[in-house]
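Reader: I am new to this structure and would like a close look at one part of it. Please take the aromatic rings and how they pair.

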Amino acid sequence: MRRQLSEYRLPWLPLIVFAVLIICAIFAPLLAPHDTEKLNILGSRIPPGDTSEHLLGTDTLGRDLLSRLIYGARTTVVISLVALGTGGVVGTLLGLVSGYAGGWTDTIIMRIADAALGFPTILVALVIVVILGTGIGVIVLAVALTVWANFARMIRGDVLAVKTQDFVTLARIDGVNPAILILRHIFPNVINTLMIITSLLVGQIILLEAALSYLGLGLPPGASSWGIMVAEGKEQIIDVWWLSLFPGLAITIVVLAFNFIGDWLRDTMDPKLRQSR
């Protein structure tokens, strides 16, 4: 009994990090001690802990770093949810159709997915910036255009295994409509895989958002984004070290937390891994 409980022990520390991220994103205006748009040149470059008013210090324009980190969490959550949601829905649908239909449909969808996986996201973002200009939509679109292929490939693999099961064969013999068969009989059996992929990709998307913001391909300069904050401090990393350190730590901690959650979900929900313990 004790061994069973240990197998399903929750990863409390990553879950706490996740909860803090969500709380900061939802209640940013209430939690942020200062206005992130308010400039104070006379109060610029205050080191962390130097005053109780600015616990993590200020940047070169006098903006409170803690407040910008909190609003940066909102940016990260919004971009991750929209990009991952869009890519997840599209990729899951294409994976279901590809795995069930087979033949030329499967071949075409998978070749497109291979092309998407082989196309660098940053290059996609550069093309979109040239066409549409910068903005949060650029990051969402660039990530969604590449991340869907991960969902499509993994879901297709599960569908290929599930559609050979007896209950699917019986449903076909009974003349069940293919769309209903996929939604009612096949899709519930791939939800576990979908949850695992989602949790593992969140960390990658957060890194992508930070990288694109760092390169100036997404949000405008000065916006409350962890990637932009790291970029703003790179030229003064020795003198004003906290500008890049704290947002960099935030990115690292959040990405590690989601990776641990993804690993826990995979170990918990995959029956093969459970049996090997």
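Author: There are three aromatic pairs, counting rings of Phe, Tyr and Trp (its six-membered ring) whose centres lie within 6.5 Å, with planes under 30 degrees apart called stacked, over 60 edge-to-face and the rest tilted. One of them joins Trp241 and Trp242: the ring centres are 5.4 Å apart and the planes stand at 90°, so this pair is edge-to-face. Another joins Trp241 and Phe246, with centres 6.3 Å apart and planes at 50°, so that pair is tilted. Together, Trp241, Trp242 and Phe246 make up one aromatic cluster.

The model is predicted, so local features need pLDDT of at least 70 and side-chain atom pairs count only at pLDDT 80 or more, while totals for chains, interfaces and linings use all residues. Residues are numbered from 1 along each chain as its sequence is written, and side-chain values use heavy atoms, with hydrogens and water left out.

The cluster members can also be described by their accessibility, where buried means under 20% relative accessible area, exposed over 50% and partly exposed in between (1.4 Å probe, protein chains only). Trp241 has 39% relative accessibility and therefore counts as partly exposed. Its partner Trp242 is buried, with a relative accessible area of 4%. Phe246 is buried too, at 18%. The edge-to-face pair thus joins a partly exposed Trp241 to a buried Trp242, and the tilted pair links Trp241 to a buried Phe246.
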